[in-house]
Amino acid sequence: MGPMKAGFFVALVFLFFLPIFFIFTFGQVPDTPVAAQPEAIGVTLRQLAQKRNLQIGAAVNIGPLLNNPNYQQVLAREFNVVVPENAMKFETIHPQRDRFLFQELDTMLNFAEANQMELRLHPLVWDEQLPAWLVRGNFSREELMDILKEHIQTIIKRYRGKSRYIDVVNEGIARDGSLRDTIWLRGIGPEYIDLSFIWAHEADPAAKLFFNEFSAEELSIKSDAVYDLVAGMLKRGVPIHGVGMQMHKGLHNKPKMAEVAKNVARLNQLGLEVQITEMDVAIKGAVGETQLQEQAQIYGETMRMCLEAAKCSAVILWGFSDRYTWMTSLIGEGGSPLIFDEFFRPKPAYQALKEELLRN
Ligand code: G3I
């Protein structure tokens with residue numbers, strides 16, 4: 001074999017093994033840099049949202065934020081709010097009783113600031129992703145109160161003045177409308193919710209404090225319970241400023257938008273702000289043009305509902321590219337729930353959000 005032929009052969013072998021190398025190393029095929037080029041995009045979601053004074057955000061995953069330039073580029077181009085998907089979970093940020101680890105959240109803040117975006121803090125008080133020291137600690141009521149107060153105030157004080165919106169209590173209501181059975185309810189009692197908001201407000205009086213809930217977007221026993229809870233808090237003078245509606249939906253579970261609008265309206269009438277905080281729309285099974293159009297319609301209708309509401313100040317998605325979504329682990333397949341595909345190409349859902357933002 002001559003040197004030309006040998007070179008050709010080596011190149012062939014290289015090209016053949018490159019994708020295999022990527023799959024073994026990163027678990028995925030490499031994404032195409034071409035897909036993230038802004039020329040094909042025109043006006044961005046972020047530019048359109050800004051004109052309407054709407055926050056448009058995405059939950060952010062630390063891995064691709066550090067390692068994937070396409071991810072960084074699309075995030076900064078299309079969104080003006082960064083939400084830590086996992087960086088502020090108790091086990092990550094407070095892994096030992098006397099030790100906080102702010103590195104991941106600081107990275108997100110730096111990214112946000114460098115790109116004139118906001119950081120939304122999520123979540124302070126939740127029953128998932130708790131460290132073993134806390135779960136197995138057998139703490140007394142007083143100890144648990146000390147721990148929770150310190151957790152809340154240490155995090156808020158560090159980001160005081162740098163984050164306007166905070167999910168203080170996350171997922172505190174059960175499906176039947178009772179208070180969710182959590183480590184905080186068992187250990188402290190129902191007053192843990194009021195206390196958390198009071199401690200948060202003490203740490204940053206200027207921050208807008210939210211109660212964030214899933215499957216409470218429509219009218220139901222659960223959303224009635226959220227309404228009663230926050231109405232009661234306002235009556236008691238507890239500093240709460242808004243309710244987060246997560247909006248994890250699917251083609252099998254479409255939102256009844258008229259009910260969502262009524263629910264938002266009644267919360268607004270209490271004087272509370274509402275935000276869509278974790279939207280995604282799962283497609284179970286085959287993903288074809290029909291499914292993508294149905295998905296787009298749900299995104300579009302949600303955006304319209306928010307724009308038409310008296311006080312719905314944000315539409316935040318739980319990720320933005322189908323390449324990185326929590327659903328991969330949940331339903332075994334991707335669910336393709338977001339507005340960019342795995343190669344960061346805009347899907348019909350992206351166009352649907354834009355159309356609603358462009359509508360008069
Ligand atoms: O970090 C560990 C890693 O060390 C380990 O090897 C791996 C093995 O499973 O797990 C990794 O932790 C995972 C973590 O995400 C970080 O990727 C957990 O297993 C996994 O359970 C965890 O899931 C997160 C979930 O909250 C926890 O309940 C999702 O990424 C995150 O998107 C999701 O976010 C929540 C919101 O905060 C609240 N509302 C619902 C929403 C979706 O569930």
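In the predicted model, helix α12 meets helix α13 through Met 257, Val 260, Ala 261 and Val 264 on the α12 side and Ile 298, Glu 301, Thr 302 and Met 305 on the α13 side. By class, this contact comprises 6 nonpolar, 1 polar and 1 charged residues. Helix α12 spans residues 257-269 and helix α13 spans residues 289-308. Their axes lie 10 Å apart, and the packing angle is about 25°. Angles under 35 degrees count as roughly parallel, and α12 and α13 are therefore roughly parallel to each other. The crossing of these two helices is right-handed.

Helix α13 also packs against helix α15, which covers residues 348-358. Here the axes come within 8 Å and cross at roughly 30°. The pair α13 and α15 is therefore likewise described as roughly parallel, and α13 passes α15 in a right-handed crossing. On α13, the contact is formed by Glu 289, Leu 292, Gln 293, Ala 296, Tyr 299, Gly 300, Met 303, Arg 304 and Leu 307. The α15 side contributes Pro 348, Ala 349, Ala 352, Leu 353, Glu 356 and Leu 357. These residues divide into 10 nonpolar, 2 polar and 3 charged.

Ahead of α12 in the sequence, His 252 is located in the loop that joins β7 (248-250) to α12. Leaving aside residues up to four places away in sequence, His 252 touches Ala 282 and Lys 284. His 252 and Ala 282 are separated by 30 residues in sequence, while their C-alpha atoms are 8.1 Å apart in space.

The ligand is surrounded by 14 residues. The closest of them are Glu 85, Lys 89, Glu 128, Glu 171 and Glu 278. Glu 85 places a polar side-chain atom 2.5 Å from an oxygen atom of the ligand. A ligand oxygen atom is also approached by His 122, with a polar side-chain atom at a distance of 2.8 Å. For Glu 278, the partner is a nitrogen atom of the ligand, which lies 2.7 Å from a polar side-chain atom of this residue.

Conventions: Residues are numbered from 1 along each chain as its sequence is written. This is a predicted model: local features need pLDDT of at least 70, side-chain atom pairs count only at pLDDT 80 or more; totals for chains, interfaces and linings use all residues. Side-chain values use heavy atoms; hydrogens and water are left out. Axes are lines fitted to C-alpha atoms, for helices over the stretch in contact, and angles run from 0 to 180 degrees between N-to-C directions. Helices (H or I, at least four residues) and strands (E, at least two) are DSSP runs, numbered from the N terminus. Angles under 35 degrees count as roughly parallel, over 145 as roughly antiparallel, 65 to 115 as roughly perpendicular and the rest as oblique. A crossing is left-handed if the near helix is turned anticlockwise from the far one by less than a right angle, and right-handed if clockwise. Contact means heavy atoms within 4.5 Å. Ala, Val, Leu, Ile, Met, Phe, Trp, Tyr, Cys and Pro count as nonpolar, Asp, Glu, Lys and Arg as charged, and the others, Gly among them, as polar. A residue is near a molecule or strand if one of its heavy atoms lies within 4 Å of it. A polar contact is a pair of N or O atoms within 3.5 Å; within protein, one must be able to donate a hydrogen and the other to accept it, and residues adjacent in sequence count only if both atoms are side-chain atoms.
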